[in-house]
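I opened this one to see how it is put together. My notes follow in the order I looked things up.

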Amino acid sequence: MSLRSSIRCLVKSSRPFSTSAISQMPRRIDPDSKQGRILPKPLERIPEPETDPNHPLWGFFRDKKALPYPEDEKLAGRGWTVFELRSKSFEDLHTLWYVCLKELNIMATQMAERRRLMVAHQTSDHKERRNAVRKTMQGIKFTLSERVVAYEQARELAIAEGTITPEDLAAIQAQKKEEEEKNEQSVAAREELKEPKNRRLERKKRRVMRALELAEFRAEREAAEAQAKALAA
């Protein structure tokens with residue numbers, strides 16, 4: 001075989017060479033063609049789970065949205081003043097307290113979502129809304145403390161003037177005794193919570209005392225050894 005004929009054989013048997021990754025990929029064959037094969041069918045899309053529209057966790061979101069629009073942040077009003085809160089009943093103050101607490105939870109959820117998305121943490125409107133809610137809660141506490149002080153002063157004045165009946169006086173004394181018992185129980189509960197801390201302090205004191213005793217023992221032993229060496233010399 002001549003050289004020319006061998007080169008022709010090599011050219012006929014060779015395949016086109018390509019460095020492209022696309023040319024190396026298998027071609028998509030139509031399944032309806034005669035030489036085609038059946039392609040796998042995609043899975044059906046999993047439907048989203050149904051949630052209760054009245055689920056309690058929706059209380060942590062405003063209008064069921066994780067983040068509000070900037071325009072919605074500007075719709076917040078001012079906080080309640082102490083003068084306005086003084087005219088409210090105990091039930092109204094109780095309801096208003098939990099409304100403010102719910103608002104703080106919503107704003108905490110928005111802050112967590114901003115951190116997760118790595119967007120601006122706070123805006124001026126967000127800060128103003130949060131300060132207004134906290135100011136309202138402080139006003140509720142101050143109003144209730146004023147009422148407690150006024151009640152205590154009125155009770156002491158009635159007892160001093162004798163304008164209260166013995167039955168009412170006995171009821172007041174029983175109520176006062178119950179309050180003292182509750183205070184004692186709360187103090188005992190706090191002491192129980194502080195007990196592990198006290199134990200840690202005691203263990204720390206013991207370690208310090210042992211270290212001091214060990215240092216004194218070493219100093220006495222070194223002094224005795226030095227005295228013994230001096231006598232031997």
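**Entry 1: terms.** Before placing any loop I fixed what a helix is here: a DSSP run of H or I at least four residues long, numbered from the N terminus. With that settled, I put Lys64 in the loop between H2 and H3. I also noted that this is a predicted model.

**Entry 2: overall make-up.** I counted the elements and got seven helices and zero strands. Read from the N terminus on, the order is α-α-α-α-α-α-α. I then looked up burial: of the 233 residues, 11% count as buried.

**Entry 3: confidence.** I checked how far to trust the coordinates. The mean pLDDT of the protein is 77, and 77% of the residues reach 70 or more. Where is confidence lowest, and where is it highest? The low end is helix H2 (residues 21-24), with a mean of 49, and the high end is helix H4 (residues 82-85), at 92. I left myself a reminder that predicted coordinates should not be read in detail where pLDDT is low.

**Entry 4: the loop between H2 and H3.** I went back to this loop for its backbone angles. Asp63 sits there, and its phi is positive, about 55°, although Asp63 is not a glycine. Lys64 also has a positive phi, about 60°, and is not a glycine either. Are these side by side with solvent or tucked away, that is, is Asp63 exposed or buried? Asp63 has a relative accessible area of 65%, so it is exposed, the cut-off being over 50%. Lys64 comes out at 45%, so I logged it as partly exposed.

Gly59 belongs to the loop between H2 and H3 as well. Its relative accessible area is 22%, so Gly59 is partly exposed; buried would need under 20%. I looked for a contact far along the chain and found Asn105: Gly59 and Asn105 are 46 residues apart in sequence, with 8.4 Å between their C-alpha atoms.

**Entry 5: helix H6.** I wanted to know whether the span of H6 fits its length. H6 covers residues 124-161, 38 residues in all, and at 1.5 Å a residue it should span 56 Å. The C-alpha atoms at its ends are 55 Å apart, so the two values agree. After H6 comes Gly162, with a positive phi near 75°.

Next I listed the buried positions of H6; among them are Asp125, His126, Arg129, Thr136, Thr143 and Arg155. I picked two others from the helix for a closer look.

- Gly139 is in H6 and has 4% relative accessibility, so it counts as buried. Its C-alpha atom is 9.2 Å from that of Arg86, and the two residues are 53 apart along the chain.
- Ala158 is in H6 too. Its relative accessible area is 19%, so Ala158 is buried, given that the cut-off is under 20%. Ala158 and Leu169 are eleven residues apart in sequence, and their C-alpha atoms are 9.5 Å apart.

**Entry 6: nonpolar core.** Which residues make up the largest nonpolar core? I wrote down eight: Leu85, Leu93, Leu96, Cys100, Met107, Val133, Met137 and Ile140. H5 and H6 each supply at least two residues of this core. H5 gives the most, with four residues.

**Entry 7: largest pocket.** I finished with empty space. Rolling a probe the size of a water molecule over the atoms shows where such space is left. The largest pocket has a volume of about 200 Å³. I found 13 residues lining this pocket, and Gly77, Arg78, Glu103, Ala132 and Val133 lie nearest its centre. Helix H5 (90-117) and H6 each supply at least two residues of the lining. By class, the lining has seven nonpolar, three polar and three charged residues.

One link I marked in the margin: Val133 is listed in the largest nonpolar core, and Val133 is also among the residues nearest the centre of the largest pocket. Val133 is one of the buried residues of H6.

Notes:
Residues are numbered from 1 along each chain as its sequence is written. This is a predicted model: local features need pLDDT of at least 70, side-chain atom pairs count only at pLDDT 80 or more; totals for chains, interfaces and linings use all residues. Side-chain values use heavy atoms; hydrogens and water are left out. The expected span of a helix is 1.5 Å times one less than its number of residues. Buried means under 20% relative accessible area, exposed over 50%, partly exposed in between (1.4 Å probe, protein chains only). On a 1 Å grid over the protein atoms alone, a cavity is a set of points where a 1.4 Å probe fits but cannot get out, and a pocket is an open set with protein on both sides within 12 Å along at least five of seven lines; lining residues have an atom within 4 Å of a point. Grid points are joined across faces, edges and corners, and a volume is the space filled by probe spheres set on the points. Ala, Val, Leu, Ile, Met, Phe, Trp, Tyr, Cys and Pro count as nonpolar, Asp, Glu, Lys and Arg as charged, and the others, Gly among them, as polar. pLDDT is the predictor's confidence in each residue, from 0 to 100. A nonpolar core is a set of buried Ala, Val, Leu, Ile, Met, Phe, Trp, Tyr and Cys residues joined through side-chain atoms within 4.5 Å.
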